[in-house]
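Hi,

Here is the structure I promised to pass on to you. Have a look at it first, and then read my notes underneath.

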Amino acid sequence: MATLTVDDVTLLGPGCGEQACGETGDGRMLEPEEIVEDLIAFLQPKHLAGKKVLITAGPTFEAIDPVRGITNLSSGKMGFAVARAAREAGAEVTLVCGPVSQPTPRGVTRIDVTGALEMHAAVMVRAAAQDVFVGVAAVADYRPQAAAEHKIKKDGSAAPTITLVQNPDILAEVAALPNPPLCVGFAAESQNLAEYAQKKRLAKKIPLIVGNLIQHGFGGEDNTLVLFDETGQTPLQPGPKSELARTLVSHIARQLDRR
Ligand code: C5P
(Lines give C-alpha, C1' and ligand atoms only; values in the text may rest on other atoms or scores of the structure.)
Protein backbone atom coordinates (compact mmCIF):
# COMPACT_ATOMS: atom_id res chain seq x y z
CA MET A 1 0.00 0.00 0.00
CA ALA A 2 2.86 2.38 0.83
CA THR A 3 4.50 1.74 -2.55
CA LEU A 4 1.26 2.22 -4.44
CA THR A 5 0.55 5.45 -2.58
CA VAL A 6 4.02 6.78 -3.42
CA ASP A 7 3.34 5.83 -7.06
CA ASP A 8 0.25 8.10 -6.91
CA VAL A 9 -2.22 5.22 -7.03
CA THR A 10 -5.50 6.02 -5.27
CA LEU A 11 -6.54 3.22 -2.93
CA LEU A 12 -10.13 2.51 -2.09
CA GLY A 13 -10.35 0.89 1.30
CA PRO A 14 -9.64 -1.49 2.85
CA GLY A 15 -12.91 -1.84 4.71
CA CYS A 16 -12.95 -2.75 8.36
CA GLY A 17 -14.94 -5.57 9.97
CA GLU A 18 -15.24 -9.34 10.08
CA GLN A 19 -12.69 -11.21 7.93
CA ALA A 20 -13.01 -14.62 6.25
CA CYS A 21 -10.22 -15.90 8.55
CA GLY A 22 -12.40 -15.14 11.57
CA GLU A 23 -10.52 -12.07 12.76
CA THR A 24 -11.97 -8.57 12.87
CA GLY A 25 -10.24 -5.43 11.62
CA ASP A 26 -8.88 -3.76 8.48
CA GLY A 27 -8.73 -5.93 5.38
CA ARG A 28 -12.22 -6.37 3.97
CA MET A 29 -13.19 -5.38 0.45
CA LEU A 30 -15.29 -2.22 0.61
CA GLU A 31 -19.01 -2.75 0.13
CA PRO A 32 -19.92 -2.33 -3.57
CA GLU A 33 -21.97 0.80 -2.75
CA GLU A 34 -18.93 2.31 -1.04
CA ILE A 35 -16.74 1.59 -4.08
CA VAL A 36 -19.30 3.27 -6.35
CA GLU A 37 -19.49 6.30 -4.04
CA ASP A 38 -15.68 6.60 -3.96
CA LEU A 39 -15.43 6.25 -7.76
CA ILE A 40 -18.05 8.96 -8.32
CA ALA A 41 -16.21 11.20 -5.87
CA PHE A 42 -12.87 10.49 -7.58
CA LEU A 43 -14.22 11.71 -10.91
CA GLN A 44 -15.58 15.05 -9.61
CA PRO A 45 -13.61 18.27 -10.13
CA LYS A 46 -11.73 19.21 -6.94
CA HIS A 47 -13.09 22.78 -6.67
CA LEU A 48 -12.79 22.78 -2.87
CA ALA A 49 -9.49 20.94 -2.39
CA GLY A 50 -8.02 21.74 1.03
CA LYS A 51 -11.03 23.80 2.13
CA LYS A 52 -12.95 23.25 5.35
CA VAL A 53 -16.72 23.20 5.01
CA LEU A 54 -19.27 23.08 7.84
CA ILE A 55 -22.87 22.20 7.02
CA THR A 56 -26.07 21.95 9.06
CA ALA A 57 -28.84 19.65 7.89
CA GLY A 58 -32.20 18.20 8.84
CA PRO A 59 -34.79 19.44 11.30
CA THR A 60 -34.30 20.24 14.96
CA PHE A 61 -36.38 18.63 17.69
CA GLU A 62 -37.38 20.93 20.53
CA ALA A 63 -38.40 18.86 23.54
CA ILE A 64 -41.70 19.50 25.34
CA ASP A 65 -41.28 16.56 27.72
CA PRO A 66 -39.23 13.31 27.58
CA VAL A 67 -41.36 11.86 24.78
CA ARG A 68 -42.77 14.84 22.88
CA GLY A 69 -41.42 17.76 20.97
CA ILE A 70 -41.77 20.33 18.20
CA THR A 71 -40.11 19.46 14.91
CA ASN A 72 -40.68 19.80 11.15
CA LEU A 73 -40.72 17.71 7.98
CA SER A 74 -37.15 18.37 6.80
CA SER A 75 -35.68 15.03 5.65
CA GLY A 76 -32.05 16.21 5.66
CA LYS A 77 -31.61 14.98 2.05
CA MET A 78 -30.57 18.36 0.62
CA GLY A 79 -28.05 19.05 3.41
CA PHE A 80 -26.59 15.56 3.11
CA ALA A 81 -26.33 16.01 -0.68
CA VAL A 82 -24.43 19.29 -0.15
CA ALA A 83 -22.11 17.54 2.32
CA ARG A 84 -21.46 14.71 -0.13
CA ALA A 85 -20.85 17.13 -3.02
CA ALA A 86 -18.44 19.25 -0.94
CA ARG A 87 -16.55 16.10 0.04
CA GLU A 88 -16.44 14.96 -3.60
CA ALA A 89 -14.99 18.38 -4.45
CA GLY A 90 -12.09 17.72 -2.08
CA ALA A 91 -13.22 19.59 1.05
CA GLU A 92 -12.85 18.47 4.65
CA VAL A 93 -16.52 18.35 5.59
CA THR A 94 -18.25 18.43 8.97
CA LEU A 95 -21.99 17.84 9.00
CA VAL A 96 -24.02 18.85 12.04
CA CYS A 97 -27.42 17.26 11.72
CA GLY A 98 -30.69 17.08 13.60
CA PRO A 99 -32.66 13.81 13.86
CA VAL A 100 -32.65 12.29 10.35
CA SER A 101 -32.38 8.79 8.93
CA GLN A 102 -29.84 9.48 6.18
CA PRO A 103 -26.63 7.48 5.74
CA THR A 104 -23.46 9.50 6.43
CA PRO A 105 -21.67 10.38 3.17
CA ARG A 106 -18.23 8.74 2.95
CA GLY A 107 -15.40 10.77 4.35
CA VAL A 108 -17.72 13.26 6.10
CA THR A 109 -17.48 13.88 9.86
CA ARG A 110 -21.01 13.72 11.24
CA ILE A 111 -22.18 15.26 14.51
CA ASP A 112 -25.70 14.33 15.60
CA VAL A 113 -27.65 16.86 17.62
CA THR A 114 -31.26 17.22 18.73
CA GLY A 115 -32.36 20.75 19.57
CA ALA A 116 -31.40 24.12 18.10
CA LEU A 117 -29.32 25.06 21.15
CA GLU A 118 -27.25 21.91 20.73
CA MET A 119 -26.87 22.59 16.99
CA HIS A 120 -25.86 26.17 17.77
CA ALA A 121 -23.18 24.99 20.24
CA ALA A 122 -21.80 22.35 17.84
CA VAL A 123 -21.56 24.94 15.05
CA MET A 124 -20.15 27.86 17.05
CA VAL A 125 -17.16 25.90 18.42
CA ARG A 126 -16.15 25.01 14.86
CA ALA A 127 -17.27 27.94 12.72
CA ALA A 128 -14.24 30.23 13.02
CA ALA A 129 -11.94 27.55 11.61
CA GLN A 130 -14.01 27.03 8.44
CA ASP A 131 -13.69 28.39 4.91
CA VAL A 132 -17.38 27.85 4.17
CA PHE A 133 -20.53 27.49 6.29
CA VAL A 134 -23.74 26.24 4.65
CA GLY A 135 -26.87 26.34 6.79
CA VAL A 136 -29.27 23.87 5.23
CA ALA A 137 -30.95 22.80 8.47
CA ALA A 138 -34.57 23.72 9.09
CA VAL A 139 -33.87 25.10 12.56
CA ALA A 140 -36.96 25.63 14.72
CA ASP A 141 -37.54 29.33 15.26
CA TYR A 142 -38.88 28.69 18.77
CA ARG A 143 -38.45 26.11 21.53
CA PRO A 144 -40.45 25.43 24.69
CA GLN A 145 -38.99 27.58 27.44
CA ALA A 146 -38.30 24.49 29.55
CA ALA A 147 -38.87 20.82 28.78
CA ALA A 148 -40.96 19.07 31.47
CA GLU A 149 -38.87 16.57 33.41
CA HIS A 150 -41.65 13.97 33.35
CA LYS A 151 -44.24 13.09 30.76
CA ILE A 152 -47.09 15.62 30.82
CA LYS A 153 -50.27 13.82 31.92
CA LYS A 154 -53.82 14.39 30.76
CA ASP A 155 -55.44 14.82 34.18
CA GLY A 156 -58.82 16.24 33.22
CA SER A 157 -57.98 19.87 34.02
CA ALA A 158 -57.28 22.61 31.46
CA ALA A 159 -54.98 21.90 28.51
CA PRO A 160 -51.36 22.82 29.32
CA THR A 161 -49.86 26.02 27.94
CA ILE A 162 -46.45 25.78 26.29
CA THR A 163 -44.44 29.00 26.51
CA LEU A 164 -42.08 29.39 23.56
CA VAL A 165 -38.81 31.29 23.45
CA GLN A 166 -36.84 32.22 20.33
CA ASN A 167 -33.86 30.11 19.24
CA PRO A 168 -30.55 31.73 18.27
CA ASP A 169 -30.11 32.32 14.52
CA ILE A 170 -27.09 30.11 13.92
CA LEU A 171 -26.40 31.35 10.39
CA ALA A 172 -26.66 35.03 11.31
CA GLU A 173 -24.32 34.50 14.25
CA VAL A 174 -21.71 32.74 12.12
CA ALA A 175 -21.96 35.52 9.52
CA ALA A 176 -21.37 38.09 12.29
CA LEU A 177 -18.06 36.52 13.40
CA PRO A 178 -15.05 38.86 13.02
CA ASN A 179 -13.55 36.87 10.14
CA PRO A 180 -16.49 34.73 9.01
CA PRO A 181 -16.39 31.79 6.63
CA LEU A 182 -18.23 32.28 3.34
CA CYS A 183 -21.81 31.88 4.58
CA VAL A 184 -24.56 30.31 2.49
CA GLY A 185 -28.16 30.06 3.64
CA PHE A 186 -31.25 28.25 2.45
CA ALA A 187 -34.71 29.77 2.25
CA ALA A 188 -37.57 27.31 2.07
CA GLU A 189 -40.74 29.23 1.26
CA SER A 190 -44.26 28.36 0.22
CA GLN A 191 -44.74 31.63 -1.73
CA ASN A 192 -43.00 34.90 -2.81
CA LEU A 193 -39.66 33.08 -3.01
CA ALA A 194 -37.55 35.85 -4.56
CA GLU A 195 -38.77 38.57 -2.22
CA TYR A 196 -38.44 36.52 0.99
CA ALA A 197 -35.10 34.99 0.00
CA GLN A 198 -33.44 38.32 -0.79
CA LYS A 199 -34.85 39.84 2.41
CA LYS A 200 -33.41 36.95 4.39
CA ARG A 201 -30.03 37.29 2.68
CA LEU A 202 -29.82 40.95 3.61
CA ALA A 203 -31.14 40.45 7.17
CA LYS A 204 -28.59 37.72 7.87
CA LYS A 205 -25.84 39.66 6.03
CA ILE A 206 -24.79 36.68 3.92
CA PRO A 207 -23.54 36.77 0.31
CA LEU A 208 -25.55 33.83 -1.01
CA ILE A 209 -28.92 32.28 -0.23
CA VAL A 210 -30.44 29.28 -1.97
CA GLY A 211 -34.20 29.47 -2.40
CA ASN A 212 -36.56 26.58 -2.82
CA LEU A 213 -40.32 26.34 -2.84
CA ILE A 214 -41.22 23.74 -0.23
CA GLN A 215 -43.81 22.17 -2.52
CA HIS A 216 -40.83 21.14 -4.70
CA GLY A 217 -38.25 20.07 -2.16
CA PHE A 218 -39.37 18.70 1.18
CA GLY A 219 -38.74 14.98 1.55
CA GLY A 220 -38.29 14.15 -2.14
CA GLU A 221 -35.25 13.21 -4.22
CA ASP A 222 -35.58 16.19 -6.60
CA ASN A 223 -35.62 19.91 -5.99
CA THR A 224 -35.94 23.26 -7.74
CA LEU A 225 -33.38 25.79 -6.53
CA VAL A 226 -32.71 29.44 -7.27
CA LEU A 227 -29.49 31.14 -6.14
CA PHE A 228 -29.81 34.70 -4.85
CA ASP A 229 -26.79 36.95 -4.44
CA GLU A 230 -26.00 40.65 -4.79
CA THR A 231 -26.19 40.41 -8.59
CA GLY A 232 -29.72 38.99 -8.60
CA GLN A 233 -31.04 35.50 -9.11
CA THR A 234 -29.82 32.40 -10.95
CA PRO A 235 -32.33 29.54 -11.33
CA LEU A 236 -30.69 26.11 -11.46
CA GLN A 237 -31.92 23.37 -13.76
CA PRO A 238 -34.46 21.38 -11.66
CA GLY A 239 -33.22 17.88 -10.92
CA PRO A 240 -31.93 15.41 -8.35
CA LYS A 241 -30.63 16.93 -5.11
CA SER A 242 -27.23 15.29 -5.76
CA GLU A 243 -26.82 17.17 -9.06
CA LEU A 244 -28.08 20.45 -7.64
CA ALA A 245 -25.69 20.10 -4.71
CA ARG A 246 -22.74 19.72 -7.11
CA THR A 247 -23.78 22.82 -9.05
CA LEU A 248 -24.14 24.73 -5.78
CA VAL A 249 -20.70 23.59 -4.62
CA SER A 250 -19.06 24.80 -7.85
CA HIS A 251 -20.87 28.13 -7.43
CA ILE A 252 -19.60 28.39 -3.84
CA ALA A 253 -16.06 27.57 -5.00
CA ARG A 254 -16.22 30.42 -7.54
CA GLN A 255 -17.41 32.84 -4.83
CA LEU A 256 -14.58 31.65 -2.58
CA ASP A 257 -12.02 32.32 -5.34
CA ARG A 258 -13.35 35.88 -5.70
CA ARG A 259 -13.00 36.64 -1.97
O1 C5P B 1 -34.71 32.65 9.14
P2 C5P B 1 -34.99 31.42 8.36
O3 C5P B 1 -35.17 30.20 9.23
O4 C5P B 1 -36.12 31.52 7.42
O5 C5P B 1 -33.68 31.23 7.46
C6 C5P B 1 -33.30 30.03 6.92
C7 C5P B 1 -31.79 29.92 6.90
O8 C5P B 1 -31.24 30.28 8.17
C9 C5P B 1 -31.33 28.51 6.69
O10 C5P B 1 -30.07 28.58 6.04
C11 C5P B 1 -31.20 27.96 8.09
O12 C5P B 1 -30.33 26.86 8.17
C13 C5P B 1 -30.69 29.16 8.85
N14 C5P B 1 -31.14 29.25 10.25
C15 C5P B 1 -30.24 29.10 11.30
N16 C5P B 1 -30.66 29.23 12.59
C17 C5P B 1 -31.94 29.50 12.87
C18 C5P B 1 -32.88 29.67 11.82
C19 C5P B 1 -32.43 29.52 10.53
O20 C5P B 1 -29.06 28.83 11.04
N21 C5P B 1 -32.32 29.62 14.14
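**What I found in it**

A good place to start is the pair β3 and β8, which run parallel and are joined by four bridges. Within that pair, Leu54 sits opposite Phe133 of β8. Before you go further, bear in mind that this is a predicted model.

On its other pairing, β3 meets β6, again in the parallel sense, this time through six bridges. Here Val53 has Val93 of β6 across from it. Is β3 mostly covered, or mostly open? Five of its six residues are buried, so to speak of it as mostly covered is fair.

Now zoom out to the whole sheet. It is open, has eight strands and mixed pairing, and reads β7-β6-β3-β8-β11-β12-β14-β15 in order. The edge positions go to β7 (109-112) and β15 (232-235); each has a single partner strand, so one side of each has no neighbour in the sheet. On average, neighbouring strands are turned by 20° against each other, ignoring direction.

At the β15 end, β14 and β15 run antiparallel and share four bridges. Val226 is the residue that stands opposite Pro235 in β15. Helix α6 (residues 193-204) packs on the sheet as well, with contacts to β11, β12, β14 and β15, and its direction makes about 45° with that of β14.

**The nonpolar cores**

Which residues touch the most other members of the largest nonpolar core? They are Leu48, Val53, Ile55, Val134 and Phe186, out of 36 residues in that core. Quite a few elements contribute: β3 (52-57), α3 (77-88), β6 (92-97), β8 (132-135), β11 (182-189), β12 (208-213), β14 (225-229) and α8 (241-258) each supply at least two of its residues.

Val134 is a nice one to click on. Leaving aside residues up to four places away in sequence, Val134 touches Val53, Leu54, Ile55, Thr56, Val82, Val184, Phe186 and Ile252. There is also a second, separate core of 22 residues, and Leu54, Val113, Val123 and Phe228 are among its members.

**Two helices to look at**

Take α4 (residues 116-127) to begin with. With 12 residues at 1.5 Å each, α4 should span 16 Å, and its end C-alpha atoms are indeed 16 Å apart, so the two values agree. Its buried residues are Ala116, Met119, His120, Ala122, Val123 and Ala127. What do they pack against? The partners are β3, β4 (62-65), β6, β7, β8 and α5 (170-175).

Then there is α8, with 18 residues. From its first C-alpha to its last, α8 reaches 26 Å, close to the 26 Å expected at 1.5 Å a residue. Its buried residues are Lys241, Leu244, Ala245, Leu248, Val249, Ser250, His251, Ile252, Ala253, Gln255 and Leu256. One of these, Ile252, has already turned up as a contact of Val134.

**Salt bridges**

How many salt bridges does a search of the whole structure find? The count is 13. As a reminder, side chains of opposite charge can pair when their charged atoms come close.

Arg246 is a good example, with two partners to show you:

- Glu88 is one partner, with the closest N and O atoms 2.7 Å apart. This pair links distant parts of the chain, as Arg246 is in helix α8 and Glu88 in helix α3, 158 residues apart.
- Glu243 is another partner, with the closest N and O atoms 3.0 Å apart. Both Arg246 and Glu243 belong to helix α8 and are three residues apart, about one turn of the helix.

Their exposure is worth a glance too. Arg246 has 21% relative accessibility and so counts as partly exposed. Glu243, at 41%, is also partly exposed, whereas Glu88, at 4%, counts as buried.

Back at the strands where I began, Glu92 forms a salt bridge with Lys52, the closest N and O atoms being 4.0 Å apart. Glu92 is in strand β6 and Lys52 in strand β3, so this pair too links distant parts of the chain, 40 residues apart. Lys52 is partly exposed, with a relative accessible area of 29%.

Last one from me: Glu34, Asp38 and Arg106 are linked in a network of salt bridges.

Cheers

Terms used
Residues are numbered from 1 along each chain as its sequence is written. This is a predicted model: local features need pLDDT of at least 70, side-chain atom pairs count only at pLDDT 80 or more; totals for chains, interfaces and linings use all residues. Side-chain values use heavy atoms; hydrogens and water are left out. A nonpolar core is a set of buried Ala, Val, Leu, Ile, Met, Phe, Trp, Tyr and Cys residues joined through side-chain atoms within 4.5 Å. Buried means under 20% relative accessible area, exposed over 50%, partly exposed in between (1.4 Å probe, protein chains only). Contact means heavy atoms within 4.5 Å. Two strands pair if DSSP finds at least two bridges between them. Axes are lines fitted to C-alpha atoms, for helices over the stretch in contact, and angles run from 0 to 180 degrees between N-to-C directions. The expected span of a helix is 1.5 Å times one less than its number of residues. A salt bridge is a side-chain nitrogen of Lys or Arg within 4 Å of a carboxyl oxygen of Asp or Glu.
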